[in-house]
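Student: Please take a close look at a single part of this model, starting with one loop residue and its backbone. From there, please lead me on to the contacts that link parts of a chain.

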Amino acid sequence: MSSDMEELIRDGMLQFTDTMRVSPDLAARTCNRYRQRRQVHRASLALGTTGAVAAAAGIAVAAHGPATTATTKAMPALRAHLLAAIDSARGDILYTRPPGKPLSGGQYPAFPRPGQKVRVRIGPAVGSDGKIYKDGEYTFKMPAANPAKNYTSNLDQGGLRLSGRAIAVDHQTHRWRDCHAKFILGFTLDAAGIRSEIANGQFTVIGRTKLRGQQAIELRINVPPNNEAPPHVTADRLLVNATTYLPMRDYVRMSNGQHSVTDYVFLRPTPKRLANLHPTSPAGYTKMGCAHSAGQQPRTRHFPPAQ
Amino acid sequence: MHYEEQRRALERFVSERGERLLRTAALLAGSRDAGEDLLQSALERLLKNWKRIDGDPESYVRRTLYNLAADGWRHQRVRQRHAVLFQPSPPVDPAIAVDARDAVVRVLVRLPPRQRAVLVLRYFEQLSEAETAEVLGCSVGTVKSATARGLARLRELAAVADRNEAAIAKE
């Protein structure tokens, strides 16, 4: 065992942690959270097991303002509606965008089943100068029913290990590639994950609101502790359409302090919409070879907002 | 313990031991903020069990940090909610040397929790193999093999990271 590596590890750890200081309110925050958890626990003991959800929902509602409180009787029905919505939208194209911005990207099908061919357009990505700087498309076969073993671990991007066709267009350097490659993708809305959360009741109803002129139900997704490599999700709110029960908007906070708001739009696949999942490589751009196709891997990050 | 008494006791504990524990937690979790979240969870367990703890509460919190870190991995949600995006390639200045120590920590956080925990205990906390085994509740043999695998994996990941950075620098 090389003592150079061991020394490097120790020095690296010391350097990494050298300036770290505890937040001055850590003890107070800890006590407050401990106290709140004990209150919920006592409430659940008083109400019985099924009351715990209502108790948690009650606290959540109190913390976030007046809203309609979901009763425990309504929760199973809501879960059923949410799951049915996923099934109904499986064959749609799912678009995402920052609120108020044009549709971009696209994933088809919206909720792919194992073995299905999937197309994901990333971009066009617009920089702070308003110009498109990157675009791309991934085409692959959705992995087997239990994709957990295919997920990468401890990489800062996380997601599924995949292989397939990767088209990348770089509008800054005027180059593009169309290669078979291995890549890692996180999914905008992963059906298996959402189903799991919904089926396990890992959400709390905050209340009702209006979004884009439609009635919506606001849910708080109960994000479990995550000690994975950063950044990762620490808080997640999802607004679903009160009629269709499809996701409309997601508010997410990350462990690095970033937060994002993402709107979801589900559209039926038409030939034109499917054709638009393919990025264009303008005339005059240089087509690159595929020697370095495995080198640059996409990172799971928020869409850099056009400023 | 009455709430105020509890709060004061915890504040004393955090002021005396918190910094050291935060650094360990940050190495386990991968960042300062995630480390403080992890430490807060461990401190809550301390509040819950303080009366029953026999011995030094710092040892209890340290063991809890490692157990929570391992649990977090087992219950980890693998689903990502966010679209995968390109980022513009950062300008690479060949004159800037990659600090090897920084690179090692960046790949350390990519190790599986058990291997990461063992390396943090052995090289940051400077515990012996036997002490490490006691904290993690495993055998010395497990510590030895996790250490060897962790170091091997670090070398492998560091080499991949170097190749990727070189590939990006060429583009």
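**From one loop residue to the links within each chain**

Tutor: In this predicted model, A:Tyr245 has a relative accessible area of 14%, and since the cut-off for burial is under 20%, A:Tyr245 counts as buried. A:Tyr245 sits in the loop of chain A that runs between β9 (233-241) and β10 (247-254), and its phi is near 65 degrees, a positive value in a residue other than glycine. The background that makes this worth a look is that most residues other than glycine have a negative phi, and most peptide bonds are trans.

Chain B offers a residue to set beside it: B:Gln126 has a phi near 60 degrees, again positive in a residue other than glycine. B:Gln126 also belongs to a loop, the one between α5 (113-124) and α6 (129-136) of chain B, but whereas A:Tyr245 is buried, B:Gln126 is partly exposed at 48% relative accessibility. As for the peptide bond itself, A:Tyr108 and A:Pro109 are joined by a cis bond, with omega about 0 degrees, and A:Pro109 lies in the loop between β2 (104-108) and β3 (117-126) of chain A.

From the backbone we can turn to the side chains. Over all chains, the structure has 22 salt bridges. One of them pairs A:Asp263 with A:Arg212, whose closest N and O atoms are 3.1 Å apart. This pair links distant parts of the chain, 51 residues apart, with A:Asp263 in strand β11 (residues 259-267) and A:Arg212 in the loop between β7 (203-211) and β8 (214-221) of chain A. The two partners differ in their surroundings, for A:Asp263 is buried at 1% relative accessible area, while A:Arg212, at 36%, is partly exposed.

In chain B, B:Glu58 forms a salt bridge with B:Arg17, with 2.8 Å between the closest N and O atoms. B:Glu58 belongs to helix α3 (residues 57-74) and B:Arg17 to helix α1 (residues 3-29) of chain B, so the pair ties together parts that are 41 residues apart in sequence. B:Glu58 counts as buried, at 6% relative accessibility.

A contact within a single helix is found in α2 of chain B, where B:Glu36 and B:Arg32 lie four residues apart, about one turn of the helix. Their side chains meet in a salt bridge of 2.9 Å, N to O, in which B:Glu36 is buried at 5% and B:Arg32 is partly exposed at 24%. Elsewhere, salt bridges that share partners join B:Arg17, B:Arg20, B:Asp56, B:Glu58, B:Arg62 and B:Glu125 into one network. Helix α2 (residues 32-49) itself has 18 residues and reaches 25 Å from its first C-alpha to its last, close to the expected 26 Å; among its buried residues are B:Ala34, B:Leu38, B:Leu39 and B:Leu43.

One covalent link remains to be described. The count of disulfides over all chains is one, and this disulfide joins A:Cys179 to A:Cys290 with an S to S distance of 2.1 Å. The link is left-handed, with -90 degrees about the S-S bond. A:Cys179 is in strand β6 (residues 175-185) and A:Cys290 in the loop between β12 (286-287) and β13 (299-300) of chain A, so the pair ties together parts that are 111 residues apart in sequence. A:Cys179 is buried at 4% relative accessibility, whereas A:Cys290 is partly exposed at 37%.

Note on methods. Residues numbered from 1 in each chain as written. Chains lettered and ligands numbered in written order. Predicted model: local features only at pLDDT ≥ 70, side-chain atom pairs only at ≥ 80, totals over all residues. Heavy atoms only, no water. Helix = DSSP H or I, 4+ residues; strand = E, 2+ residues; numbered from the N terminus. Buried < 20%, exposed > 50% of the residue type's maximum accessible area, 1.4 Å probe, protein only. Expected span 1.5 Å × (residues − 1). Salt bridge = Lys/Arg side-chain N within 4 Å of Asp/Glu carboxyl O. Disulfide = S-S within 2.5 Å.
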